[in-house]
Amino acid sequence: MSETIALPGEIIDETGDFVNGHGTRQTSRGIVSTILGTASLQNKFLSVKPLRTNYQGEVGDVVVGRVVEIVQHQWKIDVHSKLFAGIKLGAINLPGNELRIKDATDELNMRGFLQEGDLISAEVQKVHADGSLALHSRNLLYGRLENGILVKVASSLIVRTKQHFFTFSFGVKSIFGLNGYIWLSPSSDIDINQQLREDYAGASFIPRTSNVLSDSSALPFSPFERGTRLAMARLRNILLLMNSEWEPISPQVVEELFNFSHKQKLEVIDLLNDQIGHKLLTDFRAYRLSNAAST
Amino acid sequence: MDILSPGESIYVRGGFSQGVRNDGRDFLQFRPISIEFDGLRQCYSSSKVRIGSKSQGTEVTTGIKGVQLDKHVGTNDTQFQSTCQPKIQCTVHYCPGVNSNELTAATRVQQLDQRYLKHAEASQEQGGQSTGQDATIGETGSGLDSHSNTREMEHFLSAFFTKQYSANLLASFQGSFAHDWQLLIDTIVTEDNGSIIDCISLSIICALSYLQLPCDDEDPDKPFTLSQFLDWTTLPLSLTCYSIKEAGESIVVDCYPEERACSVCSFVVTTRQDQHDITKNPVGASGTSSLATIKLAQYHCRNIREQLISALQQHIDAQRALINGEQSSIYSFCISLK
């Protein structure tokens with residue numbers, strides 16, 4: 001039996017020769033699919049794998065997540081998985097250049113590094129038996145994310161590539177989390193953050209100063225151009241468009257589509273329109289096909 | 001819905017000060033609106049309104065049914081007019097497919113809450129001493145705060161629209177029709193990404209715009225329209241405006257939840273011809289606003305309403321001309337406001 005698309009309520013087997021698995025139900029008429037997905041057969045075990053699903057982590061994945069809770073020794077992170085992921089206090093680097101044992105003082109200061117609502121990027125360290133994830137951020141690439149926007153797409157659309165941290169040529173840097181959360185921020189932040197990083201060398205999370213929000217002149221970010229902001233808006237709209245059109249998302253394709261939408265003379269807000277968006281993607285697919293044929 | 005991180009709120013507020021929003025719109029620009037008429041066969045009229053794109057938007061379905069109460073045949077005209085206003089009952093079901101325990105009505109920023117609290121205290125002290133240029137409208141009671149859940153949301157919305165359509169709309173009723181009807185407006189929210197009140201309000205207007213009730217007396221085949229809905233362009237439309245401080249005293253419409261969380265306070269302006277009715281909902285802590293801001297909100301809401309209604313009328317007229325004589329069918333279109 002080859003892989004076929006099964007619809008909810010569709011009878012996928014009437015013979016009664018098979019055992020019903022995940023995403024199916026045994027009825028008097030036969031085995032019926034309960035979800036939309038691809039039907040697959042292993043020996044006599046018939047199951048349906050869902051098309052749209054929550055993120056199921058694998059070790060080494062780059063993810064973007066949001067802190068939802070602080071519990072003993074660890075932060076609970078929402079990564080659009082079926083269970084909250086956890087990042088242990090021991091799995092981050094604290095200020096001071098050497099690795100050290102975290103004591104009770106560090107535990108009391110946890111909210112100083114990350115508080116509820118904060119966004120972070122991290123890597124999956126371990127997948128527990130119940131499917132929940134343990135994250136770590138022992139790398140200067142990872143850390144708290146500030147001054148940007150989060151775009152949520154389906155996790156199955158993100159293409160696994162070598163590089164999930166990508167800087168676009170138009171002044172936007174991005175993190176393509178494999179859990180479907182994409183972080184966009186202006187790339188001009190780098191210089192100022194480096195200054196802060198030198199002060200807190202080796203730390204995963206730079207402690208938050210209390211006056212960051214109340215005094216906008218004391219923001220640790222350089223102001224950036226209106227053009228960069230518009231580029232980010234365009235990128236955001238393109239990502240949401242690719243999500244609704246079910247187009248696999250990788251940094252290279254996103255950049256191509258970005259330039260293509262410029263070539264088609266589309267305004268940023270035009271991309272919010274479903275009809276225009278659909279036409280753009282249809283044209284884009286044809287354009288890529290003709291390019292592939294010519295090379 | 002998520003909590004908004006301080007890091008994101010910095011970006012959103014930076015965008016406000018530079019005049020560019022997260023998706024590239026201007027402050028007074030709506031997302032594309034698509035409307036589908038007559039999708040529900042069981043109702044006398046129905047509409048489905050979607051604000052925003054397929055992947056991120058607010059979607060509302062409205063259906064209207066009528067119940068015929070008493071017949072008034074050959075009664076005194078004046079008495080007739082006073083008794084036969086249709087009673088309107090409005091219910092709103094808020095069920096955008098989210099676990100109700102997890103859902104809060106607004107995203108929130110903890111640190112911003114404190115900031116607004118300080119701001120509110122400061123302006124209240126100022127108001128006590130100054131000549132009263134700052135106006136603070138009293139809290140509405142039924143207003144939503146950042147901790148509201150789905151049930152509160154549903155209560156608020158249904159109370160708001162029942163009030164709008166039973167008292168406000170029919171107060172100026174004139175004309176006569178054959179039967180005493182009770183109208184039942186049922187609205188279901190299936191997706192929520194900001195502008196929920198705008199979307200419901202528009203959806204009710206669209207459904208009422210072609211409401212035709214069956215008539216069984218003289219001509220059983222020909223349905224009739226209640227007289228006050230013949231000119232549906234006079235129906236009240238509620239729009240939500242958000243006041244932001246980052247770019248002077250500015251008004252933003254059609255906000256995403258994250259933009260809502262970064263605003264100071266929100267008004268619901270209901271416009272009906274020349275009248276305004278304003279409800280104020282503070283965002284986060286109690287936001288304050290000056291009279292000038294409220295005037296500005298009224299002005300913008302009237303403009304947007306005019307644009308919206310005229311665009312809607314154009315499309316409906318065009319579509320009516322196309323399907324003239326045939327049975328009404330599902331048709332949809334897309335409005336983009338400049």
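In chain A, 64% of the contacts (heavy atoms within 4.5 Å) with a separation of 6 or more are between residues 24 or more positions apart. This is a predicted model, in which local features need pLDDT of at least 70, side-chain atom pairs count only at pLDDT 80 or more, and totals for chains, interfaces and linings use all residues. Residues are numbered from 1 along each chain as its sequence is written, chains are lettered from A and ligands numbered from 1 in the order in which they are written, and side-chain values use heavy atoms, leaving out hydrogens and water.

Chain A has six helices and 17 strands; these are DSSP runs, numbered from the N terminus, with H or I over at least four residues for helices and E over at least two for strands. Of its 295 residues, 48% count as buried. Buried means under 20% relative accessible area, exposed over 50%, and partly exposed in between (1.4 Å probe, protein chains only).

Here are two residues to look up in the viewer:

| Residue | Element | Relative accessible area |
|---|---|---|
| B:Glu8 | helix α1 (residues 6-18) of chain B | 8%, buried |
| A:Ile5 | strand β1 (residues 4-6) of chain A | 48%, partly exposed |

Let's stay with B:Glu8 for a moment. Its side chain makes a polar contact with the side chain of A:Arg66 at 3.0 Å; such a contact is a pair of N or O atoms within 3.5 Å and, within protein, one must be able to donate a hydrogen and the other to accept it, while residues adjacent in sequence count only if both atoms are side-chain atoms. Leaving aside residues up to four places away in sequence, B:Glu8 touches A:Arg66, A:Leu119, A:Gly148, A:Leu150 and A:Trp183.
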